[in-house]
Amino acid sequence: MRIMGLDYGSKTVGVAISDELLLTAQGKEIVRRKEENKLRKTLARIEELIGEYGVTKIVLGLPLNMDQTPSERSQLCLEFKDKIERRTGIPVIMWDERLTTVEADEIMDEAGIRGRDRKEYVDMIAAQIILQDYLDNSKDKAE
């Protein structure tokens, strides 16, 4: 059993996958698209990764405001959740993603990743942070 973490953005989806013991999250890739509402290929790639890694649950970052109210992107994330569940039949858990981009930037600073290269990694690292936070704070255990 593995869990997938997703960071849904306007033109990208960062993807992370847990290990089989549900202890650690590893960033896997960033799925890119040309337009925000063109999701067919994005959903197909997510479905491929689900099959490749044996994913049984998905954790999707929910962008909330600092006061825990829904942000402008929250509704889009909830719609994306519905599309994933309908297409794959796998449950999607929404997880607070506040400050994950800030944390991802700090990680890239520490790793010495600069300039343009940051865009290549930020969404994948954010997905990894979302999933690791879920793994650290959920009651899921390897069977």
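Helices and strands are here DSSP runs, numbered from the N terminus, with at least four residues for a helix and at least two for a strand. With these labels in hand, the predicted model can be read one element at a time.

A good place to start is the sheet. Five strands form an open sheet in the order β3-β2-β1-β4-β5, and their pairing is mixed. Because β3 and β5 stand at the edges, each has a single partner strand, and one side of each is left without a neighbour in the sheet. On average, neighbouring strands of this sheet are turned by 25° against each other, direction ignored. Helix α2 packs on the sheet, where α2 touches β1 (2–8), β2 (12–18), β4 and β5. The direction of α2 makes about 170° with that of β4.

The pairing at the β5 edge can be followed residue by residue. Strands β4 (residues 55–62) and β5 (residues 92–96) run parallel and are joined by 5 bridges. Within this pair, I58 has V92 of β5 as its bridge partner, while G61 stands opposite W95 in β5. Together with helix α2 (residues 74–88), the two strands β4 and β5 make a right-handed β-α-β unit.

Attention now turns to the second largest pocket, which holds about 160 Å³ of space. Its lining draws at least two residues from each of β3 (25–32) and α1 (40–53), and α1 gives the most, with 3 residues. The residues that line this pocket are V31, R32, R33, K34, E35, K38, L39, R40, K41 and T42. Sorted by class, the lining has 7 charged residues, alongside 2 nonpolar and 1 polar. Strand β3 thus appears twice in this picture, as an edge of the sheet and as a contributor to the pocket lining.

How values were computed. Residues are numbered from 1 along each chain as its sequence is written. This is a predicted model: local features need pLDDT of at least 70, side-chain atom pairs count only at pLDDT 80 or more; totals for chains, interfaces and linings use all residues. Side-chain values use heavy atoms; hydrogens and water are left out. Two strands pair if DSSP finds at least two bridges between them. A crossover is right-handed if, with the strands pointing away from the viewer, the path from the first strand over the helix to the second runs clockwise. On a 1 Å grid over the protein atoms alone, a cavity is a set of points where a 1.4 Å probe fits but cannot get out, and a pocket is an open set with protein on both sides within 12 Å along at least five of seven lines; lining residues have an atom within 4 Å of a point. Grid points are joined across faces, edges and corners, and a volume is the space filled by probe spheres set on the points. Ala, Val, Leu, Ile, Met, Phe, Trp, Tyr, Cys and Pro count as nonpolar, Asp, Glu, Lys and Arg as charged, and the others, Gly among them, as polar. Axes are lines fitted to C-alpha atoms, for helices over the stretch in contact, and angles run from 0 to 180 degrees between N-to-C directions. Contact means heavy atoms within 4.5 Å.
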